[in-house]
Amino acid sequence: MAEKKRFSFKFGFSEFLLIGLVLISSVSLAFNSGGFVLNIKKIGFTFVSTIDKGVHAVADGAVNTVNAVGELHKLKKDYNELVIKLEKYEQLQRSNADITKENERLREQLGFSNSLEEKNFPAQIISRDLDNAYSYLTIDKGSVNGVKKNMPVVAYQNGNQGLVGKVIQVGAFTSQIMPVYNIDNSVSARIQNTRDLGLVNGLGSQDQPLLLQYIRKRVLDDLHYGDIIVTSGENNNYMRDIPIGTISKITVLDYNSSLNIEVTPILDFSRLETVIVVNQKELNDRRTLEEN
């Protein structure tokens, strides 16, 4: 049996030499024709232009970022300035409102002062002694202004006139007032509707009611919550019919022939700022002019 011949191809030196000559010839031809140089230029241009574009984009972004930061800083500064202006405007509005209210209060006090028949001295409360039992008010008027001891003190608040108390001590430029809620203060008073006579005492605090005593039990059916208690005008301690407060509670005591009546002051002493000291022995200057 004949053996089959196997075909085999081996690269020898001559084959490698042939392939090398073909490659050298191709490269040489490319250089001579300029195609290879053109490709290098294109590649270089593409590379450089890409880098340039990237650098430009980065630079552009950096500039935009810097500009944005600058704009943000300016906006924040403008915002802060506007906030300050708004705060000043609001403060100005509040100041104007306070001034307006103060002017209204002063006009009310002046009108009330002029309406009184007796000579009087408007004054500001400058300090308060808030002792639980013995409370006092200090005003900015004294003997140089004509204030004297035991003069009654009234006030006009929210459209209502009311009794404050009486002067108990006088200095040259200031005076001390014992308010009606002082535990030592007693005021001869009447129930405005029935004209029943009693005595109003303080309980020691502006936050507590006053106490009206010595009103007979038999008038109980004639009394109502909200009835006004006024000064009696007896003993010349206070002018007559100055409101003190209103009835807020009535208690019947079995062992007592009189009623215990709680009275809410007509004035809000915690908000009281201005008072009027009254000289009952002299006429108001305006009244004197009118009579003359």
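Strand 9 (residues 228-231) and strand 10 (residues 243-252) pair in the antiparallel sense over three bridges; two strands are taken to pair if DSSP finds at least two bridges between them. Strands (E, at least two residues) are DSSP runs, numbered from the N terminus. Ile-229 stands opposite Gly-245 in strand 10. The model is a predicted one, in which local features need pLDDT of at least 70 and side-chain atom pairs count only at pLDDT 80 or more, while totals for chains, interfaces and linings use all residues. Residues are numbered from 1 along each chain as its sequence is written, and side-chain values use heavy atoms, with hydrogens and water left out.

Strand 9 also pairs with strand 6 (residues 186-191), again in the antiparallel sense and over three bridges. In this pairing, Val-230 of strand 9 is the bridge partner of Arg-190. Thr-231, which lies in strand 9, has a relative accessible area of 0% and is therefore buried (under 20% relative accessible area, with exposed meaning over 50% and partly exposed in between; 1.4 Å probe, protein chains only). A polar atom of the Thr-231 side chain lies 2.5 Å from the backbone oxygen of Met-239. The backbone nitrogen of Ile-242 lies 2.9 Å from a polar atom of the side chain of Thr-231. A polar contact is a pair of N or O atoms within 3.5 Å; within protein, one must be able to donate a hydrogen and the other to accept it, and residues adjacent in sequence count only if both atoms are side-chain atoms.

Strands 6, 9 and 10 belong to a closed barrel of six strands, which runs 6-7-8-11-10-9 with antiparallel pairing. Neighbouring strands of this sheet are turned by 40° against each other on average, direction ignored; axes are lines fitted to C-alpha atoms, and angles run from 0 to 180 degrees between N-to-C directions. Within this barrel, strand 7 (residues 197-201) and strand 8 (residues 210-216) are joined in the antiparallel sense by three bridges. Leu-199 stands opposite Gln-213 in strand 8.

Strand 11 (residues 258-265) contains Ser-258 and Pro-265. Ser-258 has a relative accessibility of 12% and so counts as buried. Its C-alpha atom is separated by 5.2 Å from that of Ile-215, although Ser-258 and Ile-215 are 43 residues apart along the chain. Pro-265 also counts as buried, because its relative accessibility is 18%. Between Pro-265 and Ile-229, the C-alpha to C-alpha distance is 9.2 Å, with their positions 36 residues apart in sequence.

A further closed barrel of six strands runs 1-2-5-4-3-12, likewise with antiparallel pairing. Its twist averages 45° from one strand to the next. Strand 4 (residues 160-170) and strand 5 (residues 175-179) run antiparallel and are joined by five bridges. In that pairing, Gln-169 stands opposite Gln-176 in strand 5.

Strand 3 (residues 152-157) is largely enclosed by the rest of the structure, because five of its six residues are buried. Strand 3 runs antiparallel to strand 4, and six bridges join the two. The bridge partner of Gln-157 is Asn-160 in strand 4. The hairpin of strand 3 and strand 4 has two residues between the strands, and Asn-158 takes a positive phi near 50° there. Strand 3 is also joined to strand 12 by two bridges, and these strands run antiparallel. Val-153 has Val-277, in strand 12, as its bridge partner.

The second largest pocket has a volume of about 190 Å³. On a 1 Å grid over the protein atoms alone, a cavity is a set of points where a 1.4 Å probe fits but cannot get out, and a pocket is an open set with protein on both sides within 12 Å along at least five of seven lines; lining residues have an atom within 4 Å of a point. Grid points are joined across faces, edges and corners, and a volume is the space filled by probe spheres set on the points. The lining of this pocket consists of Lys-148, Lys-149, Asn-150, Met-151, Pro-152, Asn-236, Val-278, Asn-279, Gln-280 and Lys-281. Strand 12 (residues 274-283) gives the most to this lining, with four residues. By class, the lining has three nonpolar, four polar and three charged residues (Ala, Val, Leu, Ile, Met, Phe, Trp, Tyr, Cys and Pro count as nonpolar, Asp, Glu, Lys and Arg as charged, and the others, Gly among them, as polar).
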